[in-house]
Amino acid sequence: MEDCPFCKIAEENRTLKEGKFVYVVLSNPRLMAGHLLVIPKRHVYALTDLTKEEKEEIFEMLVEFQGKIISKLSEGCDIRLNYKPYVKNSRTHVSHMHFHLLPRYFQDELQEKAEKFKDSLYKELTNEEKITITNKLSS
């Protein structure tokens, strides 16, 4: 896609590693120092769009760079995938499948800012919801 920033990522000179199917890059904008993105070279929207080879290389890069983050940058590392086809492209959202690797510390800035909203976001799983969702996803 010509208007996709991730399809042109190689031009930005922030690539840490390039595989046959995947880039690992510094995120810009970032949530914290060391925030990385693992991005398929091919423009895809969801995990279901990936080939077996792309999935394998993505997983290898996630494992490799999670290990590097934990051993060299921080105590922990979040790995996130956000698939939001209903959100338009912006500075902080790109409709090209990618994973975030976030160096994390106990009580880091992200935790402190997000923690105050956590309790209001989580809801108890009702029996009706459990039955409905289980039936939909089990067939």
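Helices and strands are DSSP runs, numbered from the N terminus. In this predicted model, Ala46 lies in the loop between β3 and α1. The report starts with the overall layout and returns to Ala46 further on.

**Overall layout**

The protein has 3 helices and 5 strands. Along the sequence they come in the pattern β-β-β-α-β-β-α-α. The C-alpha trace spans about 50 × 40 × 30 Å along its principal axes. Of the 139 residues in the protein, 32% are buried. Among contacts between residues at least 6 apart in sequence, 55% join residues at least 24 apart.

**Helix α1 and its two sides**

Helix α1 covers residues 52-72, which is 21 residues. From its first C-alpha to its last it reaches 30 Å, close to the 30 Å expected at 1.5 Å a residue. Its buried residues are Glu54, Glu57, Ile58, Met61, Leu62, Phe65 and Ile69. Seen down the axis of α1, these buried residues fall within an arc of 140 degrees, so they line one face of the helix. The background to this is simple: an α-helix has 3.6 residues a turn, so residues three or four places apart point the same way.

On the other side of α1, Lys52, Phe59, Glu60 and Ser71 are exposed. The cover over the buried residues of α1 includes strands β1 (15-18), β2 (22-26), β3 (36-40), β4 (76-81) and β5 (99-104).

Ile70 also belongs to helix α1. With 40% relative accessibility, Ile70 counts as partly exposed. Leaving aside neighbours within four places in sequence, Ile70 is in contact with Glu75, Gly76 and Cys77. The C-alpha atoms of Ile70 and Asn135 are 65 residues apart along the chain and separated by 39 Å.

**Nonpolar cores**

The largest nonpolar core has 15 residues, and Val38, Ile58 and Leu101 have the most contacts inside it. The elements giving two or more residues to this core are β2, β3, α1 and β5. Helix α1 gives the most, with 5 residues.

Not counting residues up to four places away in sequence, Leu101 touches Gly34, His35, Leu36, Val38, Leu62, Phe65, Gln66, Ile69, Cys77, Asp78 and Ile79. Apart from the largest core lies another core, of 8 residues, among them Cys4, Ile9, Val25 and Ile39.

**Three loop residues**

Ala46, placed between β3 and α1, is joined here by two residues from other loops. Ser74 is found in the loop between α1 and β4, and His96 is in the loop between β4 and β5. Each of the three falls under the 20% relative accessible area that defines buried.

| Residue | Loop | Relative accessible area | Contacts beyond four places in sequence |
|---|---|---|---|
| Ala46 | between β3 and α1 | 10% | Tyr83, Met97 |
| Ser74 | between α1 and β4 | 7% | Ile69, Pro103, Arg104, Tyr105 |
| His96 | between β4 and β5 | 1% | Cys4, Phe6, Cys7, Ile39, Pro40, Lys41, Arg42, His43, Val44 |

Two of these residues have a side chain that reaches a backbone oxygen. The side chain of Ser74 reaches the backbone oxygen of Gly76 at 2.6 Å. For His96, the side chain reaches the backbone oxygen of Arg42 at 3.4 Å. The contacts of His96 include Cys4 and Ile39, and both of these residues belong to the 8-residue core. Ser74 touches Ile69, one of the buried residues of α1.

The C-alpha atoms of Ala46 and Arg91 are 45 residues apart along the chain and separated by 19 Å.

**Cysteines**

With a disulfide taken as a pair of cysteine sulfur atoms within 2.5 Å, the count comes to 0 disulfides. Cys7 is in no disulfide, and the nearest cysteine sulfur, that of Cys4, is 3.7 Å away. With 33% relative accessibility, Cys7 counts as partly exposed. Cys77, by contrast, is buried, with a relative accessible area of 13%. Cys77 is among the residues touched by Leu101, and Ile70 is in contact with Cys77 as well. Both Cys4 and Cys7 are in contact with His96.

Conventions:
Residues are numbered from 1 along each chain as its sequence is written. This is a predicted model: local features need pLDDT of at least 70, side-chain atom pairs count only at pLDDT 80 or more; totals for chains, interfaces and linings use all residues. Side-chain values use heavy atoms; hydrogens and water are left out. The expected span of a helix is 1.5 Å times one less than its number of residues. Buried means under 20% relative accessible area, exposed over 50%, partly exposed in between (1.4 Å probe, protein chains only). The arc is that of the directions from the helix axis to the C-beta atoms. Contact means heavy atoms within 4.5 Å. A nonpolar core is a set of buried Ala, Val, Leu, Ile, Met, Phe, Trp, Tyr and Cys residues joined through side-chain atoms within 4.5 Å. A polar contact is a pair of N or O atoms within 3.5 Å; within protein, one must be able to donate a hydrogen and the other to accept it, and residues adjacent in sequence count only if both atoms are side-chain atoms.
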